[in-house]
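Here's a quick walk through one protein chain, from its overall make-up down to a few individual side chains. Have the viewer open alongside.

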Amino acid sequence: MGGKSFGKAPGGGGTPERGEFGDSGREPARRRGQGQLEAQVLAALHEASGPATAAWVQERLGGDLAYTTVMTILSRLHAKQAVTRERSGRAYAWTPAADEAGLAALRMRRVLDGEPDRDAVLTSFVSALSAHDEQLLRTLLDRATADDPATTDGPTTADGPAPAGGSAAEPGTDRRR
């Protein structure tokens, strides 16, 4: 970059560019993080009465966000399976695939899928839960097990059905640790 400074034009005059400080006293434009933009785009889609275009989302988010930025965020959300899209003429109409909780769960699964030792990650996660969260998780797992006939045929381990003649856990052991 050859030692050029950014901000005010040489000689101290000129108007500061967007996001820069200058003598005008204007604050820089606040840069939103990707996660914040994704949340705002999803919130706008949840407000829609049906599938919405990127232009509609841009309008709801205010004039300072470029159309291309909205399209980038929508495309990233689509890659994360957080939104669905269908052709609407030459554009796409976008629909949220999940609510905020669903998106958080998707992020958690992606983190877990990216770790080489799932058992260690899950063990660490569960051991750090509050008593209330642990009980909630137990209730949800019990409910899921009761709803899935494949899990009621016999003992299971974290990897699936227990080997014949084995048990899912030794009596009196805490499966979390």
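Of the 177 residues in the chain, 17% are buried. Keep in mind that this is a predicted model. The chain exposes about 12,800 Å², and carbon and sulfur atoms supply 53% of that area. As for contacts with a separation of 6 or more, 39% of them link residues 24 or more positions apart.

On the secondary structure side, you get 6 helices and 4 strands. Reading from the N terminus, the order is α-α-α-β-β-α-α-α-β-β.

Now for the inside. In soluble globular proteins, nonpolar side chains tend to be buried together. Here, the largest nonpolar core counts 20 residues, and Val 41, Leu 45, Val 57, Leu 74 and Leu 77 are the ones with the most contacts inside it. Four helices each chip in at least two residues: H1 (34–47), H2 (54–61), H3 (67–79) and H4 (100–113). H1 gives the largest share, with 5 residues.

What does Leu 45 touch, leaving aside residues up to four places away in sequence? Its partners are Ala 52, Val 57, Leu 74, Val 83, Trp 94 and Pro 96. Two of those partners, Val 57 and Leu 74, are also among the residues with the most contacts inside the core.

Val 57 turns up again in H2, where it is buried along with Ala 54 and Leu 61. Looking down the axis of H2, the buried residues fall within an arc of 60°, so they line one face of the helix. Right after H2 comes Gly 62, with a positive phi near 105°.

Gln 81 has a positive phi too, near 60°, and it isn't a glycine. You'll find Gln 81 in the loop between H3 and strand E1 (83–88). Is Gln 81 buried or exposed? Its relative accessibility is 56%, and the cut-off for exposed is over 50%, so Gln 81 counts as exposed.

Last stop: the rings. Searching the whole structure turns up 1 aromatic pair. Tyr 92 also has charged company, with two arginines placed over its ring:

| Charged residue | Ring | Distance to ring centre |
|---|---|---|
| Arg 85 | Tyr 92 | 4.2 Å |
| Arg 87 | Tyr 92 | 4.4 Å |

For Arg 87, the part sitting over the ring is the charged end, while Arg 85 lies over the face of that tyrosine.

Notes: Residues numbered from 1 in each chain as written. Predicted model: local features only at pLDDT ≥ 70, side-chain atom pairs only at ≥ 80, totals over all residues. Heavy atoms only, no water. Core = buried A, V, L, I, M, F, W, Y, C linked by side-chain atoms within 4.5 Å. Buried < 20%, exposed > 50% of the residue type's maximum accessible area, 1.4 Å probe, protein only. Contact = heavy atoms within 4.5 Å. Arc of directions from axis to C-beta. Areas by Shrake-Rupley, 256 points an atom, 1.4 Å probe, with all protein chains shown as cover. Phe/Tyr/Trp six-rings, centres within 6.5 Å; stacked < 30°, edge-to-face > 60°. Lys NZ or Arg CZ within 6 Å of the ring centre and 35° of its normal.
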